Amino acid sequence: MRYLSTRGHPDRRHFCEILLEGLAPDGGLYLPERYPQVDAPTLERWRKLPYAELAFEVLSLYIDDIAPADLRALCAKTYTEEVFGTEDIVPLRELEDGVYLEALSNGPTLAFKDMAMQLLGNLFEYELARRGEELNILGATSGDTGSAAEYAMRGKKGVRVFMTSPDGRMSPFQQAQMFSLQDPNIHNLAIEGVFDDCQDIVKAVSNDLEFKRKYKIGTVNSINWARLLAQVVYYFAGYFQATGSNDQKVSFTVPSGNFGNVCAGHVARMMGLPIHQLVVATNENDVLDEFFRTGVYRVRGAADTHETSSPSMDISKASNFERFVFDLLGRDAAKTRALFEGELGKSGRFDLSADPAFANAATRFGFVSSRSTHADRIATIRDTDKRFATLIDTHTADGLKVAREHLSPGVPMIILETALPIKFAASIVEALGHEPDRPERFIGIEALPKRVMRLPKDVDAVKRYISQHCD
Ligand SMILES: *Cc1c(COP(=O)(O)O)cnc(C)c1O
């Protein structure tokens, strides 16, 4: 299996060659040359597998440059009851008739990003050892992604993490989660500024190519193909739990931001998993809902990007969306490039409403969408607590609200639970008048000793810190 760029670069690369990379050299995103097809007997065999084995089966269709025994061992080491809390790893629970929640957020940082990031940590360690190389991951976070990366990379050989965050602006719980890590390869850099300042610093450091090469700077952002691939597995796992046989279809609703999670669902569907619909749920930041309703993709400016109570979905553009558009356009790389480089660069929008490819997108690719608001989230959290004695977080609430608008008789609907309520306690208090329960291992973490370096909003200060901590 080899990988191509959505913008038509002639190179074809193997999995491990793109594992440590972000964008393709022409600015496109990597996709497999074709989607391996999973037939009925294979589905039947996979149905009975434990999660780690299922992960191995899915991954092996896309990875031919890691020895199967090694890949199997990496999956077994990643998806354990110890790390993810249950033997099922992603247990399904029926909320009401035919409506299910798939629990993806019982990993170390209580959000679904652990599902992919934990595997990435093990893959990075494996590949870096094989190459005899090191990698310094530099990132900016306002909470979720940074902690998932740190918990995935802590203690890993060959990897250091330098994670910038806006000083004093994360919740006390998020700060405690990240800053209590004492592993010497994890560096928390609290920048005296806002999240955008952190992102600007990361960009400036990465644009200094000499520094980047000398200190082997890399990232773990959501466009990484390995992250997306790891997420394909739980669509299969959810399907098997909701159905008794492989002639049934299910739908998934996915609380979406950068389109990474639901793009993994698209890949699963392209492989032949019997998915009826992929329902994209957005909050007030409805770039994606607008596209699927109208065919117009319009990137938002900072002033048009709302700060909401489901903050991990607060995006102005969806960084993985180009992957789907490439497939939608029949894998026409020239056309994809013209849209994302040409039109988007020029006017911040493109319009496919008159394109025949868009007209039958829903039937061909199963995509539909809706949006949800703060009032919807609060009402849904309250209703779910009252009727089903189940506490859900704000992102999952967006999903559940939207899912109910797309139910079809006889088709199970699986909503992906993307975080636990404790991460967004203020909204739970608003909805229910009390704090959510806290998993035992997080009780009292705010009081633990913190390991964090406060730095000014200054590129050179960050570079100096990195250079002093790279040996
Ligand atoms: C990252 C995140 C999302 C959005 O996922 P995408 O892959 O960016 O679409 C939704 N909910 C939570 C809790 C997240 O952390």
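**Close-up views of aromatic contacts**

F292 and F321 are both buried in this predicted model.

**View 1. An edge-to-face pair joins F292 and F321.** Here the ring centres sit 6.3 Å apart, with 85° between the planes. F292 belongs to helix α13 (residues 287–294) and F321 to helix α14 (residues 321–328), so this contact links distant parts of the chain, 29 residues apart.

**View 2. Y297 and F340 meet as a tilted pair.** Look for a centre-to-centre distance of 6.3 Å and an angle of 45° between the planes. Because Y297 lies in strand β11 (residues 296–298) and F340 in helix α15 (residues 333–347), the pair ties together parts that are 43 residues apart in sequence. Y297 and F340 are both buried.

**View 3. Ring pairs build a cluster that takes in the residues of both earlier views.** Its members are F259, F291, F292, Y297, F321, F324, F340, F350, F358, F365 and F367. For context, the count of aromatic pairs in the model comes to 30.

**View 4. Helix α14 is largely enclosed by the rest of the structure, because eight of its eight residues are buried.** If you walk along α14, you meet the buried residues F321, E322, R323, F324, V325, F326, D327 and L328. Just after this helix comes G330, with a positive phi of about 65°.

**View 5. A lysine lies over an aromatic face: K463 with F211.** The distance from K463 to the ring centre of F211 is 5.6 Å.

Note on methods
Residues are numbered from 1 along each chain as its sequence is written. This is a predicted model: local features need pLDDT of at least 70, side-chain atom pairs count only at pLDDT 80 or more; totals for chains, interfaces and linings use all residues. Side-chain values use heavy atoms; hydrogens and water are left out. Rings of Phe, Tyr and Trp (its six-membered ring) pair if their centres lie within 6.5 Å; planes under 30 degrees apart count as stacked, over 60 as edge-to-face and the rest as tilted. Helices (H or I, at least four residues) and strands (E, at least two) are DSSP runs, numbered from the N terminus. Buried means under 20% relative accessible area, exposed over 50%, partly exposed in between (1.4 Å probe, protein chains only). A charge sits over a ring if NZ of Lys or CZ of Arg is within 6 Å of the ring centre and within 35 degrees of the ring normal.
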